[in-house]
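Reader: I would like a close look at one part of this protein. Please take me through its pockets, and then through what is packed inside.

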Amino acid sequence: MNAFQPRTDDMNFILCEVLRAPAQLQALTAHAEADEALMQQVVEEAGKFVAEVVAPLNRDGDEVGARWKAGAVTMPPGFRDAYQAFWQAGWPSLACAVEDGGQGLPAALEAMLYEMLSAANHGWTMAPGLLHGAYECIKHHASDELKTKYLEKVATGEWLATMCLTEPHAGSDLGLARTKAVPLPDGRYALSGTKIFISGGEHDLTDNIVHLVLARLPDSPPGPKGLSLFLCPKYCEDGSRSQVFCERIEEKMGLHGSPTCVMRFDEAPGWIVGEPGKGLNAMFVMMNAARLHVGLQGIGLLDAAWQKADAYSKDRRQMRAPGGSAKAGEADLIEQHPAMRRILDAQRAWIDAGRVIAYRTALELDILKHHEDAARRESASRWCSLVTPVLKSAWTDQAFHGASACLQVFGGHGYVREWGIEQVVRDARVAMIYEGTNEIQAIDLLLRKTLPDGGAGLLQLLAELSDDLGDDTQGQRVRAQLDRFSAFLRERLLPRATAQDAPADLAHWLADDFLRAVAMLLMAWAWARIGATGGAEAPRWQAAQTGFWRWVWPEFDMRLAMLGASLDGA
């Protein structure tokens, strides 16, 4: 089983050639020095760290796993040393502000780093995966006192962080949370309750863990508006252990290298973050960052599966392929069989398009934060709001189903452990569930972000995608489909979904097909951009491009037909 090897040349091609990121970033005062040479150097060094330090630990992370005993969690062999090297080298702080101990580099570089990490060792990467969201949450909502104590520790990754939302009786319905926060005389709060599915709630990677916890004040109203956010460390300032306990870790289908903890808070002291009753507002910064990272997990895991399948197809011979090159009495390589080539090219089409969309999202985050023009910041905000749920949902779905397809390339050997592909399938499945299930992402896109403004934001985004295309054959082809979907949205979906006599649940029935249709359009835009870039005529890009137009893109017509059928039947 070969460990994952980052393909930094492909990644840099998309970032610098397809998206022309250096020019966009250097136009921002905050990133004036982020030229192509600097960005490529960071990506290359990140790739080396991932390949040499993190990827070799993946097998033990799965087979040994995290171990719980008497409330303590021991991580798999090598995990602590790798993490200590990771934060001390400055990798967690790439995109954090310099004044907070970070490096102030573009968000796109952090996105590329975490894509590689997820591909190399998903379980290990779960530990630092929430750091940047926790950093932004503390930076924008915590008091100056809390920032002084915790911001730099989290920004640099010296201390890891958790996001404590879910409770045993309430999954995604956070409004049902019952964890209590009782004021203490010294201005802190005593937190009491149980949280489940807490990634990295207990471990031995760092000397402290910063828990961000949703809880209710004594006089808070029911529902989500009654939730406040609190910061509760594993160890208090005086070195004493807080009353936070890991009762057990879950036995999971995959992701064995990451401890998924049941955490009990027994009047554990904590500080409020932000305003009372505004906990979800403060936590949303963290959740949005997590959703982008989960989308990147999907891309990385699919790339890990593709690499294994592609390498196997170039080495293993099986039967005679139609039009194959084997001599009489010999077998052809698996990659020469059309059925296998179709699987490999279609998955690579998803990987390449996903990178264009994810890196563009990271660029828009920097534009939203630093651009001087208000209209451009508004456009960036619209992109991030509408595209993030699509990226999270569609690419985590493909990570699982695409990895399963890549397993097929191995035949029976894919079902046994020695080749490593079955681990990718198991590890990838959870990404469709956490940080808001994929169905919740679809509901968010349609019911919360499209219908309330009459589709204005999405229609504007589609128009901007159209304007971004050239007049070459592919550009014209995609522009026609963007126009087609816009007309469908204006003339059919919006009028029926918002009609007074429409069934109350109609939009919920439409949501999943709606998100998938938008995903297909984003992929088509991405491939039109790739196709219009110099160097994209190489066989490596042409094969994936063919894979997209032949075996992925036809889903758009299917989803549009399914939406139409649901509207006609309502």
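Author: What follows goes through the pockets, then the nonpolar cores, then one buried arginine. Keep in mind that this is a predicted model.

Start with the largest pocket. About 1400 Å³ of space lies in it. Its lining is made up of 48 residues. Leu165, Thr166, Tyr434, Glu435 and Gly436 are the closest to the centre of this pocket.

Which elements supply at least two residues each of that lining? They are β5 (189-199), α10 (279-315), α13 (421-429) and α14 (438-448). Helix α10 gives the most, with nine residues. Now sort the lining of the largest pocket by class. There are 22 nonpolar residues, 13 polar ones and 13 charged ones.

Next comes the second largest pocket. It holds about 820 Å³ of space. Here 36 residues form the lining. Nearest the centre of the second largest pocket lie Ala107, His132, Glu136, Leu365 and Lys369. Several helices give two or more residues to this lining: α6 (107-120), α8 (131-141), α10, α11 (338-370) and α12 (374-409). Look for α10 here, because it is on the list for the largest pocket and on the list for the second largest pocket. By class, the lining of the second largest pocket has 18 nonpolar, 11 polar and seven charged residues.Now turn to the packing. In soluble globular proteins, nonpolar side chains tend to be buried together. The largest nonpolar core in this model has 193 residues. Ile357, Leu493 and Phe514 touch the most other members. Helix α17 (residues 506-531) brings the largest share of this core, 19 residues.

Take Phe514 as a sample. What does it contact, leaving aside its neighbours within four places in sequence? The list is Leu445, Leu446, Thr450, Leu458, Phe485, Leu489, Leu493 and Leu563. Leu493, then, is a contact of Phe514, and both are among the residues that touch the most other core members.

Another core lies apart from the largest one. It has five residues, including Met126, Leu255, Val294 and Ala431.

Finish with Arg360. This arginine sits in helix α11. Is it buried or exposed? Arg360 counts as buried, because its relative accessibility is 15%, and the cut-off for buried is under 20%. What does Arg360 touch, not counting residues up to four places away in sequence? Its contacts are Leu19, Arg355, Trp383 and Trp525.

Conventions. Residues are numbered from 1 along each chain as its sequence is written. This is a predicted model: local features need pLDDT of at least 70, side-chain atom pairs count only at pLDDT 80 or more; totals for chains, interfaces and linings use all residues. Side-chain values use heavy atoms; hydrogens and water are left out. On a 1 Å grid over the protein atoms alone, a cavity is a set of points where a 1.4 Å probe fits but cannot get out, and a pocket is an open set with protein on both sides within 12 Å along at least five of seven lines; lining residues have an atom within 4 Å of a point. Grid points are joined across faces, edges and corners, and a volume is the space filled by probe spheres set on the points. Helices (H or I, at least four residues) and strands (E, at least two) are DSSP runs, numbered from the N terminus. Ala, Val, Leu, Ile, Met, Phe, Trp, Tyr, Cys and Pro count as nonpolar, Asp, Glu, Lys and Arg as charged, and the others, Gly among them, as polar. A nonpolar core is a set of buried Ala, Val, Leu, Ile, Met, Phe, Trp, Tyr and Cys residues joined through side-chain atoms within 4.5 Å. Buried means under 20% relative accessible area, exposed over 50%, partly exposed in between (1.4 Å probe, protein chains only). Contact means heavy atoms within 4.5 Å.
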